[in-house]
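User: I have a structure to look at and would like some help reading it. Could we go through it together?
Analyst: Certainly; please bring it up and ask as we go.

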Amino acid sequence: MFTRKELKRRARASMKEHYLIFVAVCLIASFISAEFTSSLTFSELHIVTTETSSASVSDELPSESFVISERRVEFADVLEDLLEGDLEGGRQKSQEILERKRAAGTPVLGRTQGVLAKIVNQISSGSILVTIAATAGSLTGSDSLGLALVILAGLLFFFVFWYLLQNLYIVISRRIFLEGRCYEKVPLQRFIYLLRIRKWLITAWTMFVTWLFQLLWSFTVIGGFIKHYSYFLVPYIVAENPDIPTLRAIRLSRKMMKGHKWQCFVWELSFLGWDLLGILTLGLSNVFWKNPYQVATFSEYYAELRCLAKEKQIPGTEYLNDRYLYERPSPEVMEETYGDVIAILEQSDDNLHLQGWRGFLARNFGILILRTKRERDYEEQQAQRVRVDDLVEAVEGKIYPTRLYPIPEENRRQMIDILHYVRHYTVWSLVLMFFIFSFIGWLWEVSLHLVTAGEFVNRGTMHGPWLPIYGTGGVLILTLLNRFRKKPLVEFIATVVMCGILEYFTSYFLEEMTGMRWWDYSGYFLNLHGRICAEGLLVFGVGGLAIVYVLAPLLDNAIQKLSEKKLAAICAVLILAFTADALYSQKYPNAGEGITAQTQGPLLPGTAPETQRRLEENLPPAVRRCRTYG
């Protein structure tokens, strides 16, 4: 018979091996209020302290650091008017907030321009709620009915959020803890395993029915307390087999907990000391130890109760059929299931290694100078590696073998032969993609200006339909960041950093060389000297991922269909045209209204209008005439 001491020892061993992901799982549960909500006491205390401090000293020492407390109160005032049905009062208060901030030279969050700034300002002032309510009122012909619909929509949103996320996140967390019992690693993709097996909705329904039963029993004298332990194993059962019928899962939990409810209650009490420590540490000890430790302990508890239920042949245990969630498969089973993967891994590829400078470029930058048969074979070998890359750890027994899961997972590799992104690009492909990305960038800039200003403007420093900064950025992402492609998050961060450096110094050198600026993000959220901003870098990051994982592979597939003679001819013509344009633009840069001409806005952020005028008068004529400010 298992003992509490033994199960806690196992839980601590599991914690030691998976500490970071276990803490993250429980912390996410706290943030989305799925469970452990009291663990965030330290953050609530910080907010209260900040607001109290700002209230006590704001009269004596005005400062931007105390604007947060004031804004929260003003937003609450707007919300209160809307809930009372006073749409006009809410509109006036939200406008007063914005106007007062503008008059003081300090717009909400200190930002005046950009999509992100507009969204933040509207949310912070409450004007977005007023706009939604007014729109609903105009559509229904009644402000009261419009407000009622907005409130109902808000309630529906929160219900959907609870039903589809909070309600079933506990199942996801239990699955991760159960896999951590037996395997060395738990991949982050296990957070979406219910989506991959297409059981998200049925799991949400099972957990909803369980919650409903618990709610109804809570209206009795002691039924709620007892049923809490009767239904205690439902999340674990569903985590193992989401396909189990709802009522069967509830009945199975009741039968498995029969004779163990008091034991479970006592075991929960054994964590009382940790709860007291959590109070003393403002919840920090709960976040970083107690919460994941408790879940790990009860995961061991479930595994033992499951074993007992199997021995007793309790009806319903046939649904507990995920054998390899509790034991590692034998080599024979792995060879039968993952034979194709093992065969690829065992292939000798020594004869396919590229040597010398060709190997250096291929390994470090993903560049193939020529596409000989040897290089084509090398490329095919790399494609095979990509196909089995996320299965290697399963073959090695480090992670749960998803191919052995009773419910087959969705095939995510249907287009892998087309979009194998860990590939190598020839020089011809990179040259053509430089011009394609440059044209796409030009098309994006022209279209954006056409939509916002209503006129066609040939954007960019050159006269042709290309923006070299986009082409350069795209090629650099494919070459300099070649080693990061297997890690999308690292690829995204590296893309943001690299594109930020590229855009900043391009702006700097263009201004130094010509005395003109072709863009200025002054007033945008998180901008640096007006040369780069958070919004632009976010777009570059997302665009970089699209290039690496979708666009570049598709373009390369099309380019490979052309003969080398045709590729050489096309590249030669484009390079000659581009060079001629660059030389001409060096002497006669593409400048003018909508490109570099100043239309409106401050010269320097935070500078008084009169000072700005004097500073502008002292600028060189070319800079004063052509410099732009967003």
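**Reading the model**

User: Phe509 caught my eye. Is it buried or exposed, or something in between?
Analyst: Phe509 counts as partly exposed, because its relative accessibility is 45%. Buried means under 20% relative accessible area, exposed means over 50%, and partly exposed lies in between, with a 1.4 Å probe and protein chains only. Please note that this is a predicted model, in which local features need pLDDT of at least 70, side-chain atom pairs count only at pLDDT 80 or more, and totals for chains, interfaces and linings use all residues. Residues are numbered from 1 along each chain as its sequence is written, and side-chain values use heavy atoms, with hydrogens and water left out.

User: Where is Phe509 placed?
Analyst: Phe509 is in helix H24, residues 488-514. Helices (H or I, at least four residues) and strands (E, at least two) are DSSP runs, numbered from the N terminus.

User: How many helices and strands does the protein chain have?
Analyst: The protein chain has 28 helices and four strands.

User: And how much of the chain is buried?
Analyst: Of the 630 residues in the protein chain, 44% are buried.

User: Let us change topic. What about helix H23, how far does it reach?
Analyst: Helix H23 covers residues 468-479, which is 12 residues, and spans 16 Å from its first C-alpha to its last. That is close to the 16 Å expected at 1.5 Å a residue, where the expected span is 1.5 Å times one less than the number of residues.

User: Which residues in H23 are buried?
Analyst: Among them are Pro468, Gly471, Val475 and Leu478.

User: Now Arg175. Buried or exposed?
Analyst: Arg175 counts as buried, because its relative accessibility is 0%. Arg175 lies in helix H8, residues 143-182.

User: What is Arg175 in contact with?
Analyst: Leaving aside neighbours within four places in sequence, the contacts of Arg175 include Arg190, Ala239, Asp322 and Tyr405; contact means heavy atoms within 4.5 Å. A polar atom of the Arg175 side chain lies 3.1 Å from the backbone oxygen of Ala239.

User: How far apart are Arg175 and Val186?
Analyst: They are 11 residues apart in sequence, and their C-alpha atoms are 9.9 Å apart in space.

User: Last one: what does Ser14 touch?
Analyst: Not counting residues up to four places away in sequence, Ser14 touches Phe22, Gly180 and Arg181. Ser14 sits in helix H1, residues 4-17, and is buried because its relative accessible area is 6%.

Technical notes. A polar contact is a pair of N or O atoms within 3.5 Å; within protein, one must be able to donate a hydrogen and the other to accept it, and residues adjacent in sequence count only if both atoms are side-chain atoms.
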